[in-house]
Amino acid sequence: MNTIKNLIILSIALFAGKVSAQQISSAELQVTGLTCSMCSQATEKSLKTLDFIGAITPDLNKNLFAITFKKDKAVNIDQIRKKVEDAGFSIGNLTAVFNFNNTKVDDQGLAVAGTNVYQFLNAKNQTLNGAVKASVVDKNFISGSSFKKKAAQLKSASYADGSGLINGKKTRIYHLSI
């Protein structure tokens, strides 16, 4: 009996992991503070330590990194930010392609997809399906002045600290703009 129970739990865990693993397929990352090719190389080297990154194509003229993620790995957006900061720089903009599968966005703009929770600033009362390109507009993913401007407009506690209560549990909420 315990074997069947364990197999059911394992199946649910594998299915949940697979859903979240395919949620973000690629991203365009703009890094600020880069002044030379050594800065770009340091950032690329730091990002390559993340096991979910498949390929990185830097554009030194625009300080952009085109990133492709591995299909079988879950992407952690906060780890990308940390690796850029570990290299000594900061994120100026992060736009990613999210793959939604009948993800419902409620009247507050809140959506749960896999293990991630998203708060859409400009999408409410709709169902997202397929590839959707969106920008992460949380603190440390946009410039400080842009964040202050958005925080003043939204006046939301979850936007200010990047988390909120979901089903009674403090949860990381990514704020997105489509």
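A search of the whole structure, which is a predicted model, finds 6 salt bridges. Among them is the pair formed by Lys-73 and Asp-51, whose closest N and O atoms are 3.6 Å apart; Lys-73 sits in the loop between strand S3 (64–69) and helix H3 (77–86), while Asp-51 sits in the loop between helix H2 (37–47) and strand S2 (53–59), so this salt bridge ties together parts that are 22 residues apart in sequence. The points below take up the overall model, further salt bridges, and the surroundings of Asp-138, Asn-122 and Ser-163.

**Overall model and confidence**

- The protein contains 5 helices and 9 strands, and read from the N terminus its elements follow the order α-β-α-β-β-α-β-β-β-β-α-α-β-β.
- The mean pLDDT is 87, with 88% of the residues reaching 70 or more, whereas over residues 1–21 the pLDDT stays under 50, and for that stretch the model has 8 contacts beyond four places in sequence.
- Of the 178 residues in the protein, 38% are buried, and the accessible surface comes to about 10,300 Å², 53% of which belongs to carbon and sulfur atoms.
- Among contacts with a separation of 6 or more, 62% are accounted for by residues that stand 24 or more positions apart.

**Salt bridges**

- In the pair of Lys-73 and Asp-51, Lys-73 counts as partly exposed because its relative accessibility is 30%, and Asp-51 likewise counts as partly exposed, at 43% relative accessibility.
- Within helix H3, Glu-85 and Arg-81 lie 4 residues apart, about one turn of the helix, and their side chains meet in a salt bridge with an N to O distance of 3.0 Å; Glu-85 is partly exposed, with a relative accessible area of 33%.
- Asp-138 forms a salt bridge with Arg-172, in which the closest N and O atoms are 3.6 Å apart; this pair links distant parts of the chain, with Asp-138 in the loop between S7 and H4 and Arg-172 in strand S9 (residues 169–177), 34 residues apart.
- Asp-78 joins Asp-138 and Arg-172 in a network of salt bridges.

**Surroundings of Asp-138**

- Asp-138 counts as buried because its relative accessibility of 2% falls under the 20% limit, whereas its partner Arg-172, at 28%, counts as partly exposed.
- The side chain of Asp-138 also makes a polar contact of 2.6 Å with the side chain of His-175.
- When residues up to four places away in sequence are not counted, Asp-138 touches Phe-147, Tyr-159, Arg-172, Ile-173, Tyr-174 and His-175.

**Asn-122 and the residues it meets**

- Asn-122 is found in the loop between strand S6 (116–120) and strand S7 (126–136), where it is partly exposed, with a relative accessible area of 43%.
- Although Asn-122 and Ser-177 are 55 residues apart along the chain, their C-alpha atoms are separated by 6.0 Å, and a polar contact of 3.4 Å joins their side chains.
- The side chain of Asn-122 also reaches the backbone oxygen of Ile-178 at 2.9 Å, and, leaving aside neighbours within four places in sequence, Asn-122 is in contact with Leu-176, Ser-177 and Ile-178.

**Ser-163 in strand S8**

- Ser-163 has its place in strand S8 (residues 163–166) and is buried, with a relative accessible area of 15%.
- Apart from neighbours within four places in sequence, Ser-163 is in contact with Ala-157, Ser-158, Lys-170, Thr-171, Arg-172 and Ile-173.

Technical notes:
Residues are numbered from 1 along each chain as its sequence is written. This is a predicted model: local features need pLDDT of at least 70, side-chain atom pairs count only at pLDDT 80 or more; totals for chains, interfaces and linings use all residues. Side-chain values use heavy atoms; hydrogens and water are left out. Helices (H or I, at least four residues) and strands (E, at least two) are DSSP runs, numbered from the N terminus. Buried means under 20% relative accessible area, exposed over 50%, partly exposed in between (1.4 Å probe, protein chains only). Contact means heavy atoms within 4.5 Å. A polar contact is a pair of N or O atoms within 3.5 Å; within protein, one must be able to donate a hydrogen and the other to accept it, and residues adjacent in sequence count only if both atoms are side-chain atoms. pLDDT is the predictor's confidence in each residue, from 0 to 100. Accessible areas come from the Shrake-Rupley method with a 1.4 Å probe; for residues, only the protein chains shown count as cover. A salt bridge is a side-chain nitrogen of Lys or Arg within 4 Å of a carboxyl oxygen of Asp or Glu.
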